[in-house]
Amino acid sequence: MALYNLTLPKMGESVSEATVTKWLKEPGDRISEDEAVVEVATDKVDSDVPSPVSGILKEKKISDGEIAQVGQIIAIIEIEGEETTVASTEVNEVEANMINPTPVKDEKIIAQEIQLPDLEIPGVDQLPASLAAHKEPIHNSIRFYSPLVRNIAQEEGLSQQELDSIPGTASDGRVTKQDVLNYLQKRKQTGQTSANPAPVSTPVQAAPAPGQSATKAIGVTAAGDEIIEMDRMRKLIADHMVKSVQTSPHVCSFVEADVTNMVNWRNKIKDSYKKREGENITFTPLFIEAISKALKDFPMVNVSIDGTNIIKRKNINIGMAAALPTGNLIVPVIKNADQLSLVGLSKSVNDLAVRSRANKLKPDDTQGGTFTFTNIGAFGNIMGTPIINQPQAAILAVGTITKKPAVIETEFGDMIGIRHIMYLSMSYDHRVIDGALGGTFLKRVADYLEQWDTNRVI
């Protein structure tokens, strides 16, 4: 029998490691080709790792709760063939999501460890070229850590000096989550404390550090109270929201839009569209199309901030906030939304929504967003003030569409009529988007919705 080395596949441009959350197969279990073997979690999304071969699981190399690097062997599968060890690329040379380990004839093989550079920095999607060219480990104020590493350091009370002292095992000396956990375990065993403990001079409670949650223990609960521990995704969401408020000075604008023409057009074509395409056309792709057009008109809204630099994004990638059955929130991204037709947008929206509810999103599905849209009207809300999805600079919310009496200007004078009215709200980063730009952009989105062509053919 031959042995096949199952490695952790590439899970996204900025994802270099994942935590094994649950093994779906145990040693001795038979595995079919493309059958899920293990569930893993990154700081972006949870996903399954399928087996590209059929066989029997012989050995698990990573235990539940442990962290694996991209390209690391996580399991050995026994397959039909001569007695040899087969690297993943020998079985399927076109497996695009696998890192190529070095094949050897001995049963014990040493996996070739290939690390992707971690380019995920709070507020920045990508390192500047000048920093990306560094070959030596970057220390102190210019040594970068992934958000996951920083979160652990803050939760465990590690000082910046202590964090900088941890040797990194990844490429360019980068510190991984496992490096931090190993350091914490060693410190616990030796009884060592933080290198720079904060002096306590007064009984006044210090303000939380940037990125650190300002929560404190309640201490006492009343009879009947239920304590529910946050799941992993809720912890990530909570941390992300706190960091966003601490990072960006939020300001919000509102406009009212008469979307009667858009509503009547959708009601007219929805049955024929479903018959032709086999799926519904919702209001969401109509909103996203209007947002994409407005972003092309006002490119300085499609930006991020890197220190004192403004990064104007070339691509228009619209994040679509989606509620999961668990009550958590996830934001899949429609890439290059401005280049898609309305049919293409509708299909992308439906596909991402279905896979979100089924927990089938891939890590790349939630990355690269430049602007976020959320439909709070789906819950009967008329308007809201959403929190910016970092490192973006703005997020737009639409409320419920309701029929209201409104003044209609005609060539014969003003009249009162029943119209479909909705509110649009947008929160934006006041460091880079002023009220004039934010308000004008939001009004432009409303204009595109109000001026909908009722004779449009798709």
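Begin with strands β17 (residues 371–375) and β18 (residues 394–398), which run parallel and are joined by four bridges. Strands here are DSSP E runs of at least two residues, helices are H or I runs of at least four, both numbered from the N terminus, and two strands pair if DSSP finds at least two bridges between them. This is a predicted model, in which local features need pLDDT of at least 70 and side-chain atom pairs count only at pLDDT 80 or more, while totals for chains, interfaces and linings use all residues. Residues are numbered from 1 along each chain as its sequence is written, and side-chain values use heavy atoms, without hydrogens and water.

Select Phe373: its bridge partner in β18 is Leu396. Four of the five residues of β17 are buried (under 20% relative accessible area, 1.4 Å probe, protein chains only).

Next, show strand β13 (residues 318–320), which runs parallel to β17 and is joined to it by three bridges. Gly319 stands opposite Thr372 of β17.

Now select Phe441. Among the residues it touches (heavy atoms within 4.5 Å) are Ile291, Phe371, Leu396 and Met426, leaving aside residues up to four places away in sequence. Phe441 is also one of the residues with the most contacts inside the largest nonpolar core, which has 55 residues. Such a core is a set of buried Ala, Val, Leu, Ile, Met, Phe, Trp, Tyr and Cys residues joined through side-chain atoms within 4.5 Å. Helix α8 (residues 284–297) gives the largest share of this core, seven residues. A second, separate core of 23 residues includes Trp23 and Val38.

Finish at helix α9 (residues 342–357). Its buried residues, including Leu345 and Val349, pack against α7 (260–277), α8 and β13, among others.

Technical notes: Buried < 20%, exposed > 50% of the residue type's maximum accessible area, 1.4 Å probe, protein only. Expected span 1.5 Å × (residues − 1).
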